[in-house]
Amino acid sequence: MTNKITKSELAEIKEKNRGSRSYTNGEVTIYWRPHLCIHSANCLTGLPKVFDNSSRPWIKPQEASGRDIIRVVNTCPTRALTYLKNCANAAGDKPKPSSDKTTAVKVQIMKNGPALIRGNFFITDGTGNLIESDNEVASICRCGGSKKKPFCDGTHLKIGFTD
Ligand code: SF4
Ligand code: FES
């Protein structure tokens, strides 16, 4: 899986922002979209010197090489973390959509957490009204405790949900 940021994700950050931030070490830029985070902690355990939610800023890209950062950003299951190699920008290249896009929709049940949906999908409520969600990934609450239903807000961790 690659979490290289896509054109549509960059456009979404520009248009809606929703608290999104970017952090760079000159070699690679990390994009952070908090509304997509399900607190799996892959980033915190994968590269604690860069991702440390006990300090501010919580992402310090200058603490590691671009290669290590990309390796760990690629483990973020929801694309809350994405990246762009800065050399592409310097060369004036436009970011290309990620190459691993498929037309099939994938649903992944996370252990003790939400169900992740990836692909080209849309979500409606019981009466067929469209519920706004990210176009490429959504995490659906399975624990029943989220205050942002149908989406996961990380409550599964607080209530010790197991499944
Ligand atoms: S969802 Fe992504 S950003 Fe959030 S804790 Fe997990 S790896 Fe880190
Ligand atoms: S599964 Fe994450 S809040 Fe319910």
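**Core, sheets and ligand shell**

In this predicted model, the largest nonpolar core comprises 23 residues, and those with the most contacts inside it are Ile30, Ile69, Val73, Leu81 and Tyr83. Two or more residues are given to this core by each of the elements β2, α3 and β3, with β2 giving the most, namely 4 residues. In soluble globular proteins, nonpolar side chains tend to be buried together. The surroundings of one core residue, Tyr83, illustrate how separate parts of the sequence are brought into contact: when neighbours within four places in sequence are left aside, Tyr83 is in contact with Asn3, Lys4 and Ile5, with Val28, Thr29, Ile30 and Tyr31, and with Ile69, Ile70 and Val73.

The strands that contribute to this core, β2 and β3, belong to an open sheet of 3 strands, in which the order is β1-β2-β3 and the pairing is antiparallel. Because β1 (21–24) and β3 (81–85) stand at the edges and each has a single partner strand, one side of each is left without a neighbour in the sheet. On average, and with direction ignored, neighbouring strands of this sheet are turned by 25° against each other. Between β2, which spans residues 28–32, and β3, the antiparallel pairing extends over 5 bridges, and Val28 stands opposite Lys85 in β3. Helix α3, formed by residues 66–73, lies across β2 and β3 and runs at about 145° to β3.

A further set of pairings involves strands β4, β5 and β8. Strand β4 (residues 106–109) is joined to β5 by 4 bridges, the two strands running antiparallel, and Lys106 stands opposite Arg118 in β5. These two strands form a hairpin with 5 residues between them, and in the turn Asn112 has a positive phi of about 55°. Strand β5 also pairs with β8 (residues 137–140), again in the antiparallel sense and over 4 bridges, with Ser139 of β8 as the bridge partner of Leu116. The two faces of β5 (residues 115–118) are unlike in their cover, since Leu116 and Arg118 make up the covered face, whereas Ala115 and Ile117 lie on the uncovered one.

Around ligand 1, the shell consists of Cys37, Ile38, His39, Ser40, Ala41, Asn42 and Cys43, together with Cys76, Pro77, Thr78, Ala80 and Leu81. By class, this shell has 8 nonpolar and 4 polar residues, and no charged ones. Leu81 thus appears in two settings, being listed among the residues around ligand 1 and among those with the most contacts inside the largest nonpolar core.

Conventions: Residues are numbered from 1 along each chain as its sequence is written. Chains are lettered from A and ligands numbered from 1 in the order in which they are written. This is a predicted model: local features need pLDDT of at least 70, side-chain atom pairs count only at pLDDT 80 or more; totals for chains, interfaces and linings use all residues. A residue is near a molecule or strand if its C-beta atom, placed from the backbone, lies within 6 Å of it. Ala, Val, Leu, Ile, Met, Phe, Trp, Tyr, Cys and Pro count as nonpolar, Asp, Glu, Lys and Arg as charged, and the others, Gly among them, as polar. Two strands pair if DSSP finds at least two bridges between them. Axes are lines fitted to C-alpha atoms, for helices over the stretch in contact, and angles run from 0 to 180 degrees between N-to-C directions. Two residues are in contact if their C-beta atoms, placed from the backbone, lie within 7 Å. A residue is buried if 20 or more other C-beta atoms lie within 10 Å of its own, exposed if 12 or fewer, and partly exposed in between; C-beta atoms are placed from the backbone. A nonpolar core is a set of buried Ala, Val, Leu, Ile, Met, Phe, Trp, Tyr and Cys residues joined through C-beta atoms within 7 Å.
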